[in-house]
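Me: I am new to this structure and would like a close look at one part of it. Please begin with a single pair of side chains, work outward from there, and explain each term when it first comes up.

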Amino acid sequence: MTAVPQTNTPPLAGKTAVVTGGSSGIGAACARLLAEQGATVVIGFNRGEAQAEELRRELPGSGHRILHIPLTDIPAHERVAAFLKEAFGTVDILVNSAGFTKRIAHSNLEEMDYACFVDILNANVAGHFSIIRALMPLLRASGNATVVNVSSVSAFTGSGSNIAYCAAKGALDTMTISLARAFAPEVRFLCVSPAAVDTGFVQGRNHAELEKRAQGTPLGRIVTPEDVALAVQACITHLRTAVGARIVIDGGNSL
């Protein structure tokens, strides 16, 4: 048997990774892990510029940037693409982690009015589409790019912070499949689907609530941002023949 040569080169050395929503929560965990694996990371933020800059200074390696990437400002996405083309030439990895939600009971159709529904869909699926569309020439130029959309088990369980959020994640999953068919093998599209993650993403949801919910799952533990980041890394570096797939990382919550 021929010995496999050993190398100390990080698996993502020389790769450029863009992480939307990268200043906190899941996005920040992804930015840290991708940088540890050798990637040059662009931390996308909306309002968390100070957080993004603090994170950038902490990342291992060099050349990392922060960049204002608002989800629903469509002209801004073209400006982001122009900046990335000038700065890096290509984009090898895109992690769509940004989004927002509100805690609204599914039966509360007074608060979940049309405007609220559309706002949540725009932020959690249409905004991602616009960013992907703007960056697609740079992703295709890589020749071997990976896009990971951070979704949720809400997409297929219908349980989540509100009805619009469930609908948006369902649309994101289906869009991932459609894009995977259209752009493989140059660009692979996948999504990772956690249950409730231990972040401040949903206002009013605390750690004790997450712990109680986790105790009713087969694994009996809360999903952390680092768990999601590891799944994102696996999509990029290990699941090389996975495309258009939904990677469920919910501790058995949806069983």
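Reply: The side chains of glutamate 78 and arginine 133 meet in a salt bridge, with N and O 3.9 Å apart; the term stands for a side-chain nitrogen of Lys or Arg within 4 Å of a carboxyl oxygen of Asp or Glu. Because glutamate 78 belongs to helix α3 (residues 74-88) and arginine 133 to helix α4 (residues 114-142), the pair ties together parts that are 55 residues apart in sequence. Helices and strands here are DSSP runs numbered from the N terminus, a helix being H or I over at least four residues and a strand being E over at least two.

The model is a predicted one, in which local features need pLDDT of at least 70 and side-chain atom pairs count only at pLDDT 80 or more, while totals for chains, interfaces and linings use all residues. Residues are numbered from 1 along each chain as its sequence is written, and side-chain values use heavy atoms, with hydrogens and water left out.

How open are the two partners? Glutamate 78 counts as partly exposed at 42% relative accessibility, whereas arginine 133 counts as exposed at 56%; buried means under 20% relative accessible area, exposed means over 50%, and partly exposed lies in between, with a 1.4 Å probe and protein chains only.

Further along helix α4, arginine 140 forms a salt bridge with glutamate 186, and their closest N and O atoms are 3.0 Å apart. This pair, too, links distant parts of the chain, since glutamate 186 sits in the loop between α6 (163-183) and β6 (187-194) and arginine 140 in helix α4, 46 residues apart. Both partners are partly exposed, glutamate 186 with a relative accessible area of 29% and arginine 140 at 40% relative accessibility. Elsewhere, salt bridges that share partners join Glu53, Arg56 and Arg57 into one network. The structure holds six salt bridges, and one of them joins arginine 79 to aspartate 73, with the closest N and O atoms 3.8 Å apart. Arginine 79 is exposed, with a relative accessible area of 52%, while aspartate 73 counts as partly exposed at 30%.

The loop that carries glutamate 186 also holds proline 185, and the peptide bond leading to proline 185 from alanine 184 is cis, with omega near 5°.

Helix α4 has a buried side as well as the charged residues described so far. Isoleucine 132 lies in this helix and counts as buried at 1% relative accessibility. Leaving aside neighbours within four places in sequence, isoleucine 132 is in contact (heavy atoms within 4.5 Å) with Leu94, Asn96, Val147, Asn149, Met175, Leu179 and Phe189. The last of these, phenylalanine 189, is 57 residues from isoleucine 132 along the chain, yet their C-alpha atoms are separated by 10 Å.

From here the view can move to another helix, α1. Nine of the 12 residues of α1 are buried, so this helix is largely enclosed by the rest of the structure. The buried residues, among them Ile26, Cys30, Leu33 and Leu34, pack against β1 (16-20), β2 (40-45), α2 (49-58), β4 (93-96), β5 (145-150) and α8 (225-237). At 1.5 Å a residue, helix α1 (residues 25-36) should span 16 Å, which agrees with the 17 Å between its end C-alpha atoms; the expected span is 1.5 Å times one less than the number of residues. Just after α1, glycine 38 takes a positive phi of about 105°.

What does the largest nonpolar core consist of? It has 34 residues, and those with the most contacts inside it are Leu34, Val41, Val95 and Val192; such a core is a set of buried Ala, Val, Leu, Ile, Met, Phe, Trp, Tyr and Cys residues joined through side-chain atoms within 4.5 Å. At least two residues of this core come from each of β1, α1, β2, α2, β4, β5, β6 and α8, and α1 gives the most, with eight residues. Apart from this core lies another, of 29 residues, including Val18, Met136, Ala145 and Leu172. Valine 95, looked at without its neighbours within four places in sequence, is in contact with Val18, Val19, Thr20, Cys30, Leu34, Val148, Val150 and Val232.
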